Amino acid sequence: MNSIYQVDDLVKEYLLFRGFNSTFRALELESRADRDKGFQVDKIIEELFGYVQTSDITNLLEFWRYLDTRYFSRLDSRFQRTVKKFELCLLRYYLELILTLTLAMQVKRRDKVIEFFDVYGAELHENSEWLKWFALPYSKNPTTDPAFETFFSKQWLDNYIVSLHNFLNTIFQNMPLPSLLTLNLDKIQKKAQQTEIDALKASIDTLKANMETLEGENLSLKQKLTETKKEMTDGMTRMRRRAVSMVDAKTRTSVGSPDSSSKAETRSRRKTTQSLSLSIPEDDAISGPSTSDSLSDSNEAFLITTQEEFFEHTSGITHAKFSSNGTTIASCDMDNIIRTWSYQDQLSNPSKIKNAANVLSLEWEARSDKLLLIGTDSGLIRVYNTESQSIVQTFRTDEKLPKVTQISCSPAESVFVSAASNATYGTHGASAGSLISWNLKTMQKQQTFELEGSEASSIINTVQYNHNGQLLVSGNDQGFIRIFDARTIKPIMEWKSEAQVATCFAQFSFDETSIMDVSANGMLTQWSVHKPGVSLSSVKLTGFPPPSPFSLPTSQSPIDIPGNLPPSTIDIPKPRVSSSSASRRSVSSMRSARLPSVDDTYTQTMLSVSPRPQMVAFSHDTEHVLCAATERENGPVVGMVYQVAHGEPVQQIAATQNEKLTVVDWTSAANACLTGTADGSIRVTKLIRV
């Protein structure tokens, strides 16, 4: 409609060109008296309100009836009530304006109101909405009369004008247009589209230029990265050679008398030496061929930047876990003493938690570093607050299922799930096993899943949530893997491995399309989530599981850890009585004077079984897995990083001679991994991806 005057000029030009002068003059006269105002809504409303201002009721109604005949009558019948409503409001505004002028300017114009009702009263009397308006001329002050005050407000008038404007504008925009106007509109639209196309082409050219610039910068960065990698590789080679020469020199000087003072000196220097040797074992660097010999510089997927060793415990490490942000570690030893400490802040004061019961599981609350959950063999799950350094909540399991062997916290809400059984260390098999979900806010048990049938005597070895806490995966000692709805703890799908080997550790892959399963026989299997029971890949992790860190006395029967994982059959020489062992005895004797008696069989034999779920930890992207493994037969138990796709070892965490790893963990938040040993030390290694 914006081009209607342009089309009128073209028609007039054409009439003059053809010599249709009479027609031209007639068009000129009718154009000047155009009642449609060129379909400009503002001018139509201006003329309507002009008649109201001059109290010209005759022309007001005549113009409205013209609009009704010309446009409103052609509308769908469902709009007729709206048209009547607009007409009613227009007449009310006419009366309201007359009375407003009468009150404000003391102009005697009530006669106009009476005249209005005399002329149109009979017609309006049939409309029930007008009945109360017949009393309007006789109201002393209609602006305060509840029946009329709404129509005297500015807000009512503004709303009416806007509504009428939108109504007329909608009608004109949806009218069928003549072909002449359509042709002009097509021309205008094509011109606008061409302008937009030209602007887009210019934008494309600009983006191409920017892309070429970025590609050049990317190529330059790639060249710099290649040069940096080469420099780092050369530097690592030089450092390793230097470390080997240092070890050779130290070995030659220490062959004569390896007394206790030299051992202590070697232990105190271990941190500095490892920072130089990076991934070469210090005391085993010259002891013959091993798995690490096959890890060439080109095959290593990680670069070890720092490696520090901490001595927070005096007996073997049974559990060690990074907190959610990766800065704090919770660790537990064979004396059931738990410590929470920071490996980054050397000045921080570690907290100490003593337990009257044996600690079977340890887990951080997934959304903060504030809460630590402790599962025991007495049916209690204790919640420790690191800020107040106190136990703030306690959950109690069923008396028939007192052994809390696994705990996993939801990453999305204050909920955790525990695996419980009645199995005890030193016995074979159990008569019950279950999964229980708990709410940390209400401190109530939510849902329970119990193993039944042939699985009634099995134990759940591993429990892990997916990234949003909606799903849960578990594996037991009979090779059953299940995926649960985390809210209801009901199995969605389940399958059993063909070899029926116990699952040591299982978790969702990074893209959550598969389950990563590390079994007790050292096989890493990737199971499809979309096709339950279908193996996508299966590889052997060389050196896993490792032999038992301790050999059992002949007077003691073999035992099973929770999950009934098979004990190692390798005969490990009986370890010498070290300071850690003496410390364990002294701590036990001191504890017995203060705490209720505890069956030491649990802690003294917990580390005699391999593998355990604490010996496996995946990277955040699940492309690599860290395991406690042996690099050669009868060699030390070291931390070995495997590539998940092929099962090949790609990085060894440095170890010392005769070292026996008992736990591992990996945090993506700080790019670090930890390894705990049977002598009570914990090593924290920081890695970067090469």
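**Talking through the model**

Trainee: Which strand holds Ser434 in this predicted model?
Mentor: Remember that we're looking at a predicted model here. Ser434 falls within residues 433–439, and that run is strand S12.

Trainee: Is Ser434 buried or exposed?
Mentor: Look at its surroundings before the number: leaving out residues up to four places away in sequence, Ser434 touches Leu401, Ser418, Ala419, Ala420, Thr448, Phe449, Glu450 and Ile460. Its relative accessibility is 1%. The cut-off for buried is under 20%, so with 1% Ser434 counts as buried.

Trainee: Moving on to the largest nonpolar core, which helix gives the most residues to it?
Mentor: That core has 39 residues, and Leu48, Leu60, Trp64, Phe72, Leu164, Leu168 and Phe172 touch the most other members. The elements that give two or more residues to it are helix H3 (41–53), helix H4 (57–70), helix H5 (80–105) and helix H7 (154–173). With 10 residues, the top contributor is H5.

Trainee: How many residues are in the other core, the one with Cys504 and Phe544?
Mentor: That one lies apart from the largest core. Among its members are Cys504, Phe544, Ala629 and Tyr642. Its residue count is 33.

Trainee: What does Leu48 contact beyond its neighbours within four places in sequence?
Mentor: Leu48 is one of the residues that touch the most other members of the largest core. Its contacts outside that sequence window are Leu60, Phe63, Trp64, Leu67, Leu90 and Leu164.

Trainee: How many disulfides does the model have?
Mentor: Take Cys504, which is buried with a relative accessible area of 0%. Its sulfur has the one in Cys627 as its closest cysteine sulfur, at 8.1 Å, and that's too far for a bond. Cys627 is buried too, also at 0%. The disulfide count is zero.

Trainee: Which element has the lowest mean pLDDT?
Mentor: For the protein chain, the mean pLDDT is 77, and 74% of residues reach 70 or more. At the high end sits strand S22 (residues 616–618), with a mean of 95. At the low end, with a mean of 37, is residues 579–594, helix H11.

Trainee: How many contacts beyond four places in sequence does the model have for residues 553–597?
Mentor: pLDDT stays under 50 over that stretch. Where pLDDT is low, the predicted coordinates shouldn't be read in detail, so don't lean on individual contacts there. With that caveat, the number for residues 553–597 is 90.

Definitions and conventions:
Residues are numbered from 1 along each chain as its sequence is written. This is a predicted model: local features need pLDDT of at least 70, side-chain atom pairs count only at pLDDT 80 or more; totals for chains, interfaces and linings use all residues. Side-chain values use heavy atoms; hydrogens and water are left out. A nonpolar core is a set of buried Ala, Val, Leu, Ile, Met, Phe, Trp, Tyr and Cys residues joined through side-chain atoms within 4.5 Å. Buried means under 20% relative accessible area, exposed over 50%, partly exposed in between (1.4 Å probe, protein chains only). Helices (H or I, at least four residues) and strands (E, at least two) are DSSP runs, numbered from the N terminus. Contact means heavy atoms within 4.5 Å. pLDDT is the predictor's confidence in each residue, from 0 to 100. A disulfide is a pair of cysteine sulfur atoms within 2.5 Å.
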